[in-house]
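Grab a pencil and work through these exercises with the structure open beside you. Try each task before reading its solution.

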Amino acid sequence: MADTKRAARTTARLTREITAFSKAHGGAEGQLAYLGQMGTRIVLVGEDGGWGDLVAPTHDIAAAAAEKAGLTLHESFDGDFAAKVRTGPYEWTRMAGIQLGGPSNG
């Protein structure tokens, strides 16, 4: 019983966060990525190219939250979906900084 209530609260919270992201970015699409025992990552990409992610404790909770928020889900993060992501200077220095002469991550 307690687990069911906890799952419902978590689903509701994730649904609110997905909905808020979608409103802030003119709409959104997503992809669910299994993280093993950690849960499932909900990758969000806004219509304006903004992106973010959330982590749900289970795939079922992630899928339920995405459905309740009306999020269009993609099977993989590639092609036209991945091309919508817009990165800025922060991402370039953190993700590729070492290779491009940016600050190290250490």
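**Exercise 1. The strands**

In which sense do β1 and β2 pair, and over how many bridges?

*Solution.* Before starting, note that this is a predicted model, where local features need pLDDT of at least 70, side-chain atom pairs count only at pLDDT 80 or more, and totals for chains, interfaces and linings use all residues. Residues are numbered from 1 along each chain as its sequence is written, and side-chain values use heavy atoms, with hydrogens and water left out.

Step 1: settle the terms. Helices (H or I, at least four residues) and strands (E, at least two) are DSSP runs, numbered from the N terminus. Two strands pair if DSSP finds at least two bridges between them.

Step 2: look at β1 and β2. They pair in the antiparallel sense, over seven bridges. Gln 31 has Val 43 of β2 as its bridge partner, and Leu 32 has Ile 42 of β2.

Step 3: check the turn. The hairpin of β1 and β2 has five residues between the strands, and Gly 36 there takes a positive phi near 80°.

Step 4: move on to β3. It runs antiparallel to β2, joined by six bridges. Here Val 45 stands opposite Trp 51, and Ile 42 stands opposite Leu 54. In this hairpin, with four residues between the strands, Gly 49 takes a positive phi near 95°.

Step 5: add β4. Three bridges join it to β1, and these two strands run parallel. Gly 30 has Leu 73 of β4 as its bridge partner.

**Exercise 2. The whole sheet**

Put the four strands in order, then find which ones stand at the edges.

*Solution.* Step 1: the order is β3-β2-β1-β4, in an open sheet with mixed pairing.

Step 2: β3 and β4 are the edge strands; each has a single partner strand, so one side of each lacks a neighbour in the sheet.

Step 3: from one strand to the next, the twist averages 30°. Axes here are lines fitted to C-alpha atoms, for helices over the stretch in contact, with angles from 0 to 180 degrees between N-to-C directions.

Step 4: bring in the helix. α1 packs on the sheet and touches β1, β2 and β3, and its direction makes about 175° with that of β3. Contact means heavy atoms within 4.5 Å.

Step 5: ask how covered the strands are. Buried means under 20% relative accessible area, exposed over 50%, and partly exposed in between (1.4 Å probe, protein chains only). Six of the seven residues of β2 are buried, so the rest of the structure largely encloses this strand. β1 is mostly covered too, with five of its seven residues buried.

**Exercise 3. Two faces of α2**

Which residues of α2 are buried, and which exposed ones sit on the face turned away from them?

*Solution.* Step 1: α2 spans residues 59-68, and its buried residues are Ile 61, Ala 62, Ala 65 and Ala 66.

Step 2: look down the helix axis. These buried residues fall within an arc of 130°, so they line one face of α2. (The arc is that of the directions from the helix axis to the C-beta atoms.)

Step 3: turn the helix over. The face away from the buried side carries the exposed residues Asp 60, Glu 67 and Lys 68.

Step 4: see what the buried residues pack against: α1 (2-24), β1 (28-34), β2 (40-46), β3 (51-56) and β4 (72-74).

Step 5: just past the helix, Gly 70 takes a positive phi of about 75°.

**Exercise 4. The core**

How many residues does the largest nonpolar core have, and which element gives the most to it?

*Solution.* Step 1: a nonpolar core is a set of buried Ala, Val, Leu, Ile, Met, Phe, Trp, Tyr and Cys residues joined through side-chain atoms within 4.5 Å.

Step 2: the largest one has 14 residues, and those with the most contacts inside it include Leu 14, Leu 44 and Leu 71.

Step 3: α1, β1, β2, β3 and α2 each give two or more residues to this core. α2 gives the most, with four.

Step 4: zoom in on Leu 44. Leaving out residues up to four places away in sequence, the residues it touches include Ile 18, Phe 21, Leu 54 and Leu 71.
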